[in-house]
Amino acid sequence: MSFLWAIVAGLIIGLLAKLVIPGRQPIPLWLTVLLGIVGAVAGNALASAVGVRDTGGIDWIRHIFQIGIAAVLIAFVTPVWTRRHA
């Protein structure tokens with residue numbers, strides 16, 4: 001079941017990251033989900049390192065880290081993907 005939650009979280013985080021980046025990112029949905037999953041895992045690690053992974057209520061800082069890392073990954077991968085599939 002945790003695998004399914006990772007896919008759902010990756011989808012949500014990846015789509016939110018694409019909204020943060022200006023312009024269009026012509027990458028497929030599966031790559032968005034994959035980068036969202038990587039962003040979620042890396043964001044959790046960064047939040048743990050900073051000491052804000054588990055806070056009272058909603059962990060806004062952790063979610064910002066997750067979306068930010070996913071946005072950086074998408075911004076980095078999009079030109080590479082576009083060049084290879086043009």
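Colleague: How much surface does the chain expose, and what share do carbon and sulfur atoms supply?

Modeller: In this predicted model, the chain exposes about 5600 Å², of which 74% comes from carbon and sulfur atoms. Buried residues, for their part, make up 33% of the 86 residues.

Colleague: Which residues form a nonpolar patch on that surface?

Modeller: The patch consists of Leu4, Trp5, Val8, Leu11, Ile12, Leu15, Leu16, Leu19 and Leu29, together offering about 860 Å² of accessible area. Helix 1 gives the most to this patch, with eight residues. Val8, for instance, lies in helix 1.

Colleague: Why does Val8 count as partly exposed?

Modeller: The class between buried and exposed runs from 20% to 50% relative accessible area. Val8 has a relative accessibility of 33%, and therefore counts as partly exposed.

Colleague: Where should one look for the nonpolar side chains that are buried?

Modeller: In soluble globular proteins, nonpolar side chains tend to be buried together. Here the largest nonpolar core has twelve residues, among them Ile13, Ala17, Leu35, Ala70 and Val77. Helix 1 (2-20), helix 2 (29-50) and helix 3 (60-84) each give two or more residues to this core, and helix 3 gives the most, with five.

Colleague: Which residues does Ala70 touch, leaving aside those up to four places away in sequence?

Modeller: Ala70 touches Ile13, Ala17, Leu35, Gly36 and Gly39.

Colleague: How does the radius of gyration of the chain stand against that of a compact globule?

Modeller: For 86 residues, a compact globule would have a radius near 12 Å; the chain has 13 Å, which agrees. The chain has three helices and zero strands, and its C-alpha atoms fill a box of roughly 45 × 30 × 20 Å along the principal axes.

Key: Residues are numbered from 1 along each chain as its sequence is written. This is a predicted model: local features need pLDDT of at least 70, side-chain atom pairs count only at pLDDT 80 or more; totals for chains, interfaces and linings use all residues. Side-chain values use heavy atoms; hydrogens and water are left out. A nonpolar core is a set of buried Ala, Val, Leu, Ile, Met, Phe, Trp, Tyr and Cys residues joined through side-chain atoms within 4.5 Å. Buried means under 20% relative accessible area, exposed over 50%, partly exposed in between (1.4 Å probe, protein chains only). Helices (H or I, at least four residues) and strands (E, at least two) are DSSP runs, numbered from the N terminus. Contact means heavy atoms within 4.5 Å. Patches are made of residues with over 30% relative accessible area and no salt bridge: like charges are joined within 9 Å, nonpolar side chains (Val, Leu, Ile, Met, Phe, Trp, Tyr) within 5 Å. Accessible areas come from the Shrake-Rupley method with a 1.4 Å probe; for residues, only the protein chains shown count as cover. A salt bridge is a side-chain nitrogen of Lys or Arg within 4 Å of a carboxyl oxygen of Asp or Glu. The radius of gyration is taken over C-alpha atoms; the globule rule is 2.2 Å times the number of residues to the power 0.38.
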